[in-house]
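Here is a short report for a first look at this structure. It goes from one contact outward to the rest of the fold.

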Amino acid sequence: RMRRERLVKEVFRRLDADDSGALSITELRPLADFVGFVGTDAEWDVEFCRLCADLGCDAAVGADFAAFASLVGDRTGAGCYLGSSDLRLLLRQVVGDSIPPDLEDVLEEPHGPDLGNEQDAFTL
């Protein structure tokens, strides 16, 4: 559980390039691409606004951590649930080839079942 929560926090932190505490339209795009969004920038603009409305966020500000955690933890089909393995893959894509030392342990595959199949409550 703690490993998944840390993964979600690290993905959010690495996507939040300007450290604003919210993911803008450009900062959330890597997640959209990761889950298979193939539209144009104009189509992403529309989708991002819809997504923010669904999450209760102001599109001009972006998705805060609670909204992001809800999105990647939502199994209903309204969100885009990512298991721990997918979160690790996305994090690797975001940080690129040079993995910072502070992420080595979180990027290790756990032994045993994927803990990402649990429903977790996220808190900062």
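## Arginine 29 and its contacts

The side chain of arginine 29 reaches the side chain of aspartate 41 in a polar contact of 3.0 Å. This comes from a predicted model. Arginine 29 sits in helix 2. Its relative accessibility is 15%, so arginine 29 counts as buried.

Arginine 29 has further neighbours. Leaving aside residues up to four places away in sequence, arginine 29 touches Phe37, Gly39, Thr40, Asp41 and Trp44.

## The nonpolar core

The largest nonpolar core holds 27 residues. Val8, Val11, Leu28, Leu31 and Phe68 touch the most other members. Five helices take part: helix 1, helix 2 (25–34), helix 3, helix 4 and helix 5 each supply at least two residues. Helix 4 gives the most, with 6 residues.

Take leucine 31 as one case. Residues up to four places away in sequence are again left out. Leucine 31 then touches Phe68, Leu71, Val72, Cys80, Leu82 and Leu90.

## Aromatic pairs

How many aromatic pairs does a search of the whole structure find? The count is 4. One of these pairs joins phenylalanine 12 and phenylalanine 68. Their ring centres are 5.7 Å apart, the planes meet at 55°, and the pair is tilted. This pair links distant parts of the chain. Phenylalanine 12 belongs to helix 1 (residues 2–15), phenylalanine 68 to helix 4 (residues 65–73), and 56 residues separate them. Both phenylalanine 12 and phenylalanine 68 are buried.

Tryptophan 44 and phenylalanine 48 form a pair too. Their ring centres lie 5.8 Å apart with the planes at 55°, so this pair is tilted. Both residues lie in helix 3 (residues 41–55). They are 4 residues apart, about one turn of the helix. Tryptophan 44 is buried, with a relative accessible area of 6%. Phenylalanine 48 has 2% relative accessibility, so it counts as buried. Elsewhere, ring pairs link Phe12, Phe65 and Phe68 into a cluster.

## A charge over a ring

Tyrosine 81 has a charged partner. Arginine 75 lies over the face of the tyrosine 81 ring, at 4.2 Å from the ring centre.

## Cysteines

How many disulfides does the count give? It comes to 0. Cysteine 52 shows the reasoning. Its nearest cysteine sulfur, that of cysteine 57, is 5.3 Å away. A disulfide needs the two sulfur atoms within 2.5 Å, so cysteine 52 is in no disulfide.

Is cysteine 52 buried or exposed? Cysteine 52 is buried, with a relative accessible area of 1%. Cysteine 80 is buried as well, at 18%. The cut-off for buried is under 20%, so the value for cysteine 80 meets it. Cysteine 80 is also among the residues that leucine 31 touches.

## Arginine 92

Arginine 92 lies in helix 5 (residues 84–95). Its relative accessibility is 37%, so arginine 92 counts as partly exposed. Which C-alpha separation is found between arginine 92 and valine 11? The two C-alpha atoms are 9.1 Å apart, while the residues are 81 apart along the chain. Valine 11 has appeared already, as one of the core residues that touch the most other members.

Definitions and conventions: Residues numbered from 1 in each chain as written. Predicted model: local features only at pLDDT ≥ 70, side-chain atom pairs only at ≥ 80, totals over all residues. Heavy atoms only, no water. Buried < 20%, exposed > 50% of the residue type's maximum accessible area, 1.4 Å probe, protein only. Phe/Tyr/Trp six-rings, centres within 6.5 Å; stacked < 30°, edge-to-face > 60°. Lys NZ or Arg CZ within 6 Å of the ring centre and 35° of its normal. Core = buried A, V, L, I, M, F, W, Y, C linked by side-chain atoms within 4.5 Å. Contact = heavy atoms within 4.5 Å. Polar contact = N/O pair within 3.5 Å; in protein donor to acceptor, adjacent residues only side chain to side chain.
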